Amino acid sequence: MSYEQKVSRAKPTLIGLVVDDSGSTADVLPGTSDPIYQWIERYVGIIFQELLSRSSEVKGDGVVIKPRYYLTVVRYGSAPKIWGSPEMDIETAVERFAKSNQSLGLGGHLGGTDAAAAFEAMSEHLTQSLAGEHFRDSFPPMVFHLTDGESHTDATAIARRMMQLTTQDGNVLVANVYIGTQTSLNYQGPEDFPGYLEAGEAGPSEDNLRLFQMSSLTPQSMEANLTTEGIFPRLRSGARLFFDVRTKEMLKHAIQVIGSMGSRMAR
């Protein structure tokens, strides 16, 4: 499968966000003065703004928002909770986020960390969405899991089952974003980020190794975009969609993979 379908109003795509709101996310991120949940919300805000930008067109003296992206956001701790409603269009999601003071309401409020339940909830929503015609021919859904890595359940089997869901253009992609820096991969920034190719590079934490195993392989079309556009010029072929907090440029994955808008006629 190609992963080359252009995103347009006629063929929109679905973005899933699985965000950790467990008690541990209230801890301060090492090396910073802010709690982990604030870093999660910052990344979510950037994703929202980038997708909104990709859905905006200048028309006359104003800007028109075209519904090219739809979002399902699952917050979780000891149990999953839907933020807003499933399949919000990007404009609705951004407006809700802005009215909530650029927040999903995170704060380490949801107790324990049941990642398996959160992934099951997202998998159910994706299964229902892909059973209809709205996203059938679109670029496949991409799920971003933003977490400090800790979980008392293993979501690996559910994540792999989720990756078997498809549109005509490819399988669902799952990206795990570790809000931390304690990995065995050494690099300075986007310019020399090689990608996580081996499980040991994501360790030594068992939680990180599990996140690595839950991550999709980077499709060749994505690799080509990321290297030729100079986002991750040193990216190795076969790297997984696993990132740590140092690679904030990973957000450009959302642009490079699901951001192409196609011809004006297709919009």
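Strands here are DSSP runs of at least two residues, numbered from the N terminus, and helices are runs of at least four. With that naming, Tyr3 belongs to the segment before E1. The model you are looking at is predicted. Its sheet is an open one with six strands, ordered E5-E4-E1-E6-E9-E10 and paired in a mixed way. Here is a friendly tour, starting with that sheet and ending with a buried glycine.

**The sheet as a whole**

- Going across the open sheet, you meet E5, E4, E1, E6, E9 and E10 in that order.
- Strand E5 (80-89) and strand E10 (242-244) are the edge strands, and each has a single partner, so one side of each is left without a neighbour in the sheet.
- From one strand to the next, the twist averages 15 degrees.
- Helix H2 (residues 90-99) packs on the sheet, where it touches strand E4 (69-76) and E5. The direction of H2 makes about 130 degrees with that of E5.

**Strand E1 and its two partners**

- Strand E1 covers residues 13-20, and eight of its eight residues are buried.
- Burial holds for both faces of E1: Thr13, Ile15, Leu17 and Val19 lie on one side, with Leu14, Gly16, Val18 and Asp20 on the other.
- E1 pairs with E4 in the parallel sense, over eight bridges.
- Two residue pairs help you find the E1 and E4 pairing on screen: Leu14 stands opposite Tyr70, and Val18 has Val74 as its bridge partner.
- E1 also runs parallel to E6, and five bridges join these two strands. Gly16 has Val143 in E6 as its bridge partner.

**Strand E4 and the hairpin with E5**

- E4 is mostly covered too, with eight of its eight residues buried.
- Tyr69, Leu71, Val73 and Arg75 point one way from E4, while Tyr70, Thr72, Val74 and Tyr76 point the other way; all are buried.
- E4 and E5 run antiparallel and are joined by six bridges.
- Three residues lie between E4 and E5, and the two strands form a hairpin.
- Val74 is a handy residue to click on: its bridge partner in E5 is Ile82, and in the pairing of E1 with E4 it is the partner of Val18.

**Strands E6 and E9**

- Strand E6 (residues 142-147) and strand E9 (residues 173-178) run parallel, with six bridges joining them.
- Within this pairing, Leu146 stands opposite Val177 in E9.

**The largest pocket**

- The largest pocket has a volume of about 240 Å³.
- Its lining is made up of 17 residues, and those nearest the centre of the pocket are Asp148, Glu150, Tyr178, Ile179 and Gln182.
- Sorted by class, the lining of the largest pocket holds six nonpolar residues, seven polar ones and four charged ones.

**Backbone details worth a look**

- A cis peptide bond links Gly203 to Pro204, with omega near 15 degrees. Pro204 sits in the loop between helix H5 (199-202) and helix H6 (206-213).
- Tyr3 is not a glycine, yet its phi is positive, at about 55 degrees. Buried means under 20% relative accessible area, so Tyr3, at 15% relative accessibility, counts as buried.
- Gln102 is another residue other than glycine with a positive phi, near 55 degrees. You will find Gln102 in the loop between H2 and helix H3 (115-131).
- Partly exposed residues fall between the 20% limit for buried and the 50% limit for exposed, so Gln102, at 44% relative accessibility, counts as partly exposed.

**A buried glycine in a loop**

- Gly180 lies in the loop between E9 and H5.
- With a relative accessible area of 4%, Gly180 is under the 20% cut-off and therefore buried.
- Leaving aside neighbours within four places in sequence, Gly180 is in contact with Leu29, Asp244 and Val245.
- Gly180 and Gly31 are 149 residues apart along the chain, and their C-alpha atoms are separated by 9.6 Å.

Terms used. Residues numbered from 1 in each chain as written. Predicted model: local features only at pLDDT ≥ 70, side-chain atom pairs only at ≥ 80, totals over all residues. Heavy atoms only, no water. Pairing = 2+ DSSP bridges. Axes fitted to C-alpha atoms, helices over the stretch in contact; angles between N-to-C directions. Contact = heavy atoms within 4.5 Å. 1 Å grid on protein atoms, 1.4 Å probe; cavity = no way out; pocket = protein on both sides within 12 Å on 5 of 7 lines; lining within 4 Å. Points joined across faces, edges and corners; volume = space filled by probe spheres on them. Nonpolar A, V, L, I, M, F, W, Y, C, P; charged D, E, K, R; others polar. Buried < 20%, exposed > 50% of the residue type's maximum accessible area, 1.4 Å probe, protein only.
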